[in-house]
Amino acid sequence: MSFKDILGQNAPIRILQAYISEGRLAGGYLFTGPRGIGKKLVALTLAKALNCLEGAIDSCDQCASCRKVDSATHPDVQVIETLENETEIKIEYIRQLKSRICLRPYEGKKKVFIINDAHKLNPESSNALLKVLEEPPKDSLIILVTDKPALLFKTIISRCKTVRFMPQRRQELEKALNEDFGFDRPESHYLSFFYEGRLADALKMKGKDVLKEKNRLIDNFVLKRSGGFSYSSAPDRDTLREDLNILAGYFRDIYLLKIGMPHAELINLDRRSELLRVMAVYSFSQLNEILSLISSSLDFLEHNVNAKLLMHNLSLAIGQRQI
Ligand SMILES: [Zn+2]
């Protein structure tokens, strides 16, 4: 994928392309913005464009260099990130970067090091990186990618140029999902709301029966009143977070319908007639209570609670708040 194919990130891409064409590219960049909106993709595309044998400010995606970056085999482009069983970016990774960055590029024009989830740098790694960022060699570029810049050393941030990424606008995402990625219209509508402009997350739902799955949860959780909701097996934390967000979306819809929001703004547009029917069941204060119960359940989730029990209790509490 080249810069011209990346959706919704025109602003940061234009800035970076201007730096390239004016020869003003700095040695260290910090790409910040919410998760899943294309920061790492833009970083890799920048690495590709800088080393492309054909293009000047974009990658051609055809030449040997571009193909190597795409297959993660380019010797001058390195992504540094934690492996599955690691929680922090260890000093060894930064030591390797330090020894590599002083050498000339093996075959490309620029050595590019992308540190993904840079907030996972531990203090030792951060200190080591800081020294490199003081004066990176001219033929090298370090890109830190993170959605949690507040966890980085201030001194690291001050040595990088920050490029901010914003979520794609919802309507643009809906259109792209439908026209470019083959989702049907109801799915595109739902995913564009649910993932708030995070294309990468929405694309992970390809081939899954998204609407059916979320409707099954809503049906089981909200409409089945006796005895409370329970999972057949304990869900993992990500599933639970997703499920709580589905429920939050459902009650948010009811709330906004009550205040007269246009129907096109419903997340669960596919359940419009039911939502219009049940909005009379809940008062504003009940909806406020329910939404804050869901929100505190999302908080509890971060503290190793019993997931099955959490959802069961939540469903009982919500059941009690129905008229
Ligand atoms: Zn190329």
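Ala72 is exposed, because only 10 other C-beta atoms lie within 10 Å of its own; here a residue counts as buried if 20 or more other C-beta atoms lie within 10 Å of its own, as exposed if 12 or fewer do, and as partly exposed in between, with the C-beta atoms placed from the backbone. The structure is a predicted model, in which local features need a pLDDT of at least 70 and side-chain atom pairs count only at pLDDT 80 or more, whereas totals for chains, interfaces and linings use all residues. Residues are numbered from 1 along each chain as its sequence is written.

Ala72 sits in the loop between helix H3 (64–70) and strand S2, where helices (H or I, at least four residues) and strands (E, at least two) are DSSP runs numbered from the N terminus. Its phi is near 55°, a positive value in a residue other than glycine. Most residues other than glycine have a negative phi. A second case of this kind is Asp117, whose phi is near 50° and which belongs to the loop between S3 and helix H5 (123–134). Asp117 is partly exposed, because 19 other C-beta atoms lie within 10 Å.

**Overall picture**

The chain contains 14 helices and five strands, and its C-alpha trace spans about 70 × 40 × 30 Å along the principal axes. Of the 323 residues, 33% are buried. Among contacts between residues at least 6 apart in sequence, 72% join residues at least 24 apart, two residues being in contact if their C-beta atoms, placed from the backbone, lie within 7 Å. The domain assignment divides the chain into domain 1 (3–164), domain 2 (169–207) and domain 3 (209–320), with bounds that come from an automatic or database domain assignment. Between the C-alpha centres of domain 1 and domain 3 there is a distance of 40 Å.

**The sheet**

The five strands form an open sheet in the order S2-S3-S4-S1-S5, with parallel pairing; two strands are taken to pair if DSSP finds at least two bridges between them. Strand S2 (77–80) and strand S5 (161–164) stand at the edges with a single partner strand each, so one side of each has no neighbour in the sheet. On average, neighbouring strands are turned by 20° against each other, direction ignored. The table lists three of the pairings, each with one residue pair that stands opposite across the two strands.

| Strands | Sense | Bridges | Residue pair |
|---|---|---|---|
| S2 and S3 (residues 111–116) | parallel | four bridges | Val79 and Ile114 |
| S1 (residues 28–32) and S4 | parallel | five bridges | Gly28 and Ile142 |
| S3 and S4 | parallel | six bridges | Lys111 and Ser140 |

Strand S4 (residues 140–146) is mostly covered, seven of its seven residues being buried. The cover extends to both faces, since Ser140, Ile142, Leu144 and Thr146 on one side and Leu141, Ile143 and Val145 on the other are all buried.

**The helix pair H13 and H14**

Helix H13 (residues 284–301) packs on helix H14 (residues 307–320) at an angle of about 170°, and their axes are 10 Å apart. The axes are lines fitted to C-alpha atoms, for helices over the stretch in contact, and the angles run from 0 to 180 degrees between N-to-C directions. The two helices, H13 and H14, are therefore roughly antiparallel to each other, given that angles under 35 degrees count as roughly parallel, over 145 as roughly antiparallel, 65 to 115 as roughly perpendicular and the rest as oblique. H13 brings Ile290, Leu293, Ile294, Ser297 and Phe300 to the contact, and H14 brings Leu310, Leu314, Ala317 and Ile318. These residues divide into eight nonpolar, one polar and no charged, where Ala, Val, Leu, Ile, Met, Phe, Trp, Tyr, Cys and Pro count as nonpolar, Asp, Glu, Lys and Arg as charged, and the others, Gly among them, as polar.

**Two further exposed residues**

Glu92, which is part of helix H4 (residues 91–101), is exposed, with 10 other C-beta atoms within 10 Å. Although Glu92 and Ser125 are 33 residues apart in sequence, their C-alpha atoms are 8.0 Å apart in space. Gly260 lies in the loop between helix H11 (237–258) and helix H12 (272–278), and Gly260 counts as exposed because it has 6 C-beta neighbours inside 10 Å. From Gly260 to Thr45 there are 215 residues in sequence and 44 Å in space, C-alpha to C-alpha.
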